[in-house]
Amino acid sequence: MHSGGHTRRMLLKGVSAGALLSALSPAAARIRMTGSARIEALIAGMSLAEKAGQLSIYSDPVRAYGAVVNPGVVTQGLTEIKARIARGEMVGLFNGVGVALGRALQKVAVEQSRTGIPLIFAADVIHGCRTIFPIPLGEAASFDLDLAERTARAAALEASALGVHWTFAPMVDVARDERWGRVAEGAGEDPWLGEMFARARVRGFQGTDLRDPTRVLACPKHFAAYGAVQGGMEYNTADISDTTLWQVHLPPFKAAFGAGALSTMASFNDIAGVPSTANHHLLTEILRDEWGFKGVVVSDYTSEQEVVAHGYAADERDAVVKSLTAGCDISMQSGLYYKHLPELVQSGQVPIAVVDRAVRRVLEVKQALGLFENPYRSLDPARQVNDIRRPETVALAREAGRKSVVLLRNEGNLLPLAKTATIALIGPAISDRADLPGPWAVFPDVASHVTIEEGFRAAMGSHGALHVARGCDYEAPIEGGIASAVAAAMACDVVVLVAGESAGMSGEAQARVDIGIPPAQLALAEAIAATGKPLVVVLRHGRALALTGAVRNAPAILASWFLGSETGHALADLVFGDAAPQGRLPVSFPQSSGQEPFYYNHRSTGRPQTSDEKDYKARYREVTNAPLYPFGHGLTYAAVVYGETMAKGPLVRDGRMIVWATVANTGNRPCHEVAQLYLHARVASVTQPVRVLRGIRHLDLAPGQVVTVSFDVTEADLAYVHQDLRSFADPGLFDVWIAPSAQGGTSATFAMTD
Ligand code: GLC
């Protein structure tokens, strides 16, 4: 008899799902039933330990792959992990595993456990897997959403070939304080750009069918307002208004969920005193009731346990009750759900319905990934060979590297350099291979990374000459380092000085009080500048930097972030002019660290500093409030001139209005320009930023070419969050710019009427 028919008859008779499950072997239950019937049957037949296990994920203790990127908290050995899996009491593992171990563990789960529920394997594939792309902040500098989708897609291809089903990415936190180390992982200071990149990256990771074994489940994180930590201090409180939460920090998440993301990660921080991980308003009322989110919420690494340290829970049991009830479905790494939930349910402190609700969400996500039918997806040994570091993936890393670099300054057109020149390449990063990916790369294929020196030598070939000298370490001098660097400089026509941060100075738990170039590197820069040789500075960084001294005053400056596997080739392509820089700043460069948080889309205040006035204006006594380099800024090897911004108003509320301007390449080289649309509401019931980005247009301009760029503006572009949290535009006067940055361009004015 076909057990399928047997199953259906039992279901029709209303036989309890538990009896159903026991009547079926787990394998049959897994395969014979589909959809909600399978999930309900499983839930009905699961023990409390099995349910608590499906709500508990741990890092791979073996680390078959992967750098150590988490603190070694509560690590279970592989023996215990296997035993738990055999009992069906483990949802999955993250940051390690790999195909061989993954297959072995999956076999235990689907064949030995009573329920046969497959494991899910996750990892922090933030900007590439084995092939590493620029850090997300660097890629955001491309302002290129298609590029972001392509790199996320390529990362999914490699991750899914290495046993990963679920990536803990994209990070979509809007951050405005560059002292925070994790600005490196996001898309910068602008919510609108953040929305665009969140959507593109989710689409790249997930595609349109989550059952596609070459895709991975996305997990926009960290929900929510982690980028608002006070003082940019890691793990700090985020004490923000509801209007700021809704207007600045939530939109990228809503965009990510709108693109189909079926998981999210609760953030470490509290919002106005309520930790996100135990925040019912955030995780249930907003996320599920208002937005209709159907996926699963995972805590950030022991963040449910940290609800005690926050002072929001009395003890671990209280933390479990508050976190699970709030809507945090899976506990990451602490083991608290597994440890306490059975007893909390038996004592009546946690209704079984709350546990079942979370288990249902987990099983629904595993089902959406097709893991019940295809538990060995992403665990195909053949794919480990065919889909890792494909030539097109490596070429994409080089393309992404080129498009992420921002030319901040190029006095006298010092760049590009000739390959026939005699060049001194100086700085601690020039031959550093391990740091090229930056702060968040779990499975990098370090040996294949191309250093800056290697890239320069490959580009120069037999032409010219390259003299190299480290000069110093990232944060400390080297005995005789400066002398050797000066000697190298004196022997050359031009110096390329690479200055900035090591990977260890950026990312999680790397908040800096001073976002400048470390003193040892500044001393090197001053000595090099004193030689009088033409100086090109290449910045290497995971955040906006406060530039000073010889670095700040260098005639040519490239902001190159951490560019990943193809760093050397990408930089050489630009420095020698085989390609032209096209990046734009996704974060404002301040005059000084002391100005942070420092961002372009700030409110006017009652005493705005409109030029360089000093008296009684909103500014610091030591520096002007104008940025050193504004959001959106980026030069190229041509000269681009913008015409007057024109607007044909008024805009009627449910209509649209065209805004246009000419953009001309007055140089003698082709260029790629990113025209930007900014808007400003002159009057609002909640004061609005002096400018907000609402559109970008990529232009390829031949020498001498003039194009007219136009944007359609609608009420949605003018909408803002009112005190009652509704988002809409008020009739009134607005300013509009089509500009090369948040500081540039001319404005036009128009009215919006009802
Ligand atoms: C880390 C990070 C989070 C990451 C998680 C798992 O602490 O906050 O972004 O996904 O732990 O590695």
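These legends walk through a few views of a predicted model, from the whole protein down to single residues.

**View 1. The whole protein, with its 25 helices and 27 strands.**
Start with the overall picture: the C-alpha atoms fill a box of roughly 85 × 65 × 50 Å along the principal axes. The radius of gyration is 27 Å, which agrees with the value near 27 Å that a compact globule of 754 residues would have. Buried residues make up 61% of the 754 residues in the protein. If you take the contacts with a separation of 6 or more, 78% of them link residues 24 or more positions apart. On the outside, the accessible surface comes to about 25,800 Å², and carbon and sulfur atoms hold 53% of it.

**View 2. The ligand and the 15 residues around it.**
Zoom in on the ligand, and look for Asp124, Arg182, Lys221, His222 and Asp300, the residues that come nearest. By class, the shell is a mix of seven nonpolar, three polar and five charged residues. Three acidic-looking names are worth finding here. A polar side-chain atom of Asp124 sits 2.5 Å from an oxygen atom of the ligand. For Asp300, an N or O atom in the side chain is also 2.5 Å from a ligand oxygen. Glu508 has a side-chain N or O atom 3.0 Å from an oxygen atom of the ligand. How much of the ligand's accessible area does the protein cover? On its own the ligand has 310 Å² of accessible area, and the protein covers 99% of that.

**View 3. Lys221, one of the residues that come nearest to the ligand.**
Lys221 is part of strand β5, which runs over residues 221-223. Is Lys221 buried or exposed? Its relative accessible area is 1%, so Lys221 counts as buried, the cut-off being under 20%. The side chain makes a polar contact of 3.2 Å with the side chain of Asp124, and Asp124 itself has a polar side-chain atom 2.5 Å from a ligand oxygen. The Lys221 side chain also reaches the backbone oxygen of Phe168, at 2.7 Å. Leaving out residues up to four places away in sequence, Lys221 touches a group of residues including Ile126, Pro170, Met171, Glu185, Phe253 and Met265. Look for Thr264 too: 43 residues separate Lys221 and Thr264 in sequence, but their C-alpha atoms are 5.7 Å apart.

**View 4. Glu139 in helix α8.**
Here's a short helix to find, α8, covering residues 136-140. Glu139 is buried because its relative accessible area is 3%, and the cut-off is under 20%. Which residues is Glu139 in contact with, once neighbours within four places in sequence are set aside? They are Pro134, Leu147, Ala148, Thr151, Phe197, Arg201 and Ser404.

**View 5. Arg619 in the loop between α24 and β17.**
This loop lies between α24 (567-575) and β17 (640-642). Arg619 is buried too, with a relative accessible area of 15%. Its side chain reaches the backbone oxygen of Val623 at 2.9 Å. Beyond residues up to four places away in sequence, Arg619 touches Gln609, Asp612, Glu613, Lys614, Thr624 and Asn625. For a sense of distance, find Ala511: Arg619 and Ala511 are 108 residues apart in sequence, and their C-alpha atoms are 24 Å apart in space.

Notes:
Residues numbered from 1 in each chain as written. Predicted model: local features only at pLDDT ≥ 70, side-chain atom pairs only at ≥ 80, totals over all residues. Heavy atoms only, no water. Near = heavy atom within 4 Å. Polar contact = N/O pair within 3.5 Å; in protein donor to acceptor, adjacent residues only side chain to side chain. Areas by Shrake-Rupley, 256 points an atom, 1.4 Å probe, with all protein chains shown as cover. Nonpolar A, V, L, I, M, F, W, Y, C, P; charged D, E, K, R; others polar. Helix = DSSP H or I, 4+ residues; strand = E, 2+ residues; numbered from the N terminus. Rg over C-alpha atoms; globule rule 2.2 N^0.38 Å. Buried < 20%, exposed > 50% of the residue type's maximum accessible area, 1.4 Å probe, protein only. Contact = heavy atoms within 4.5 Å.
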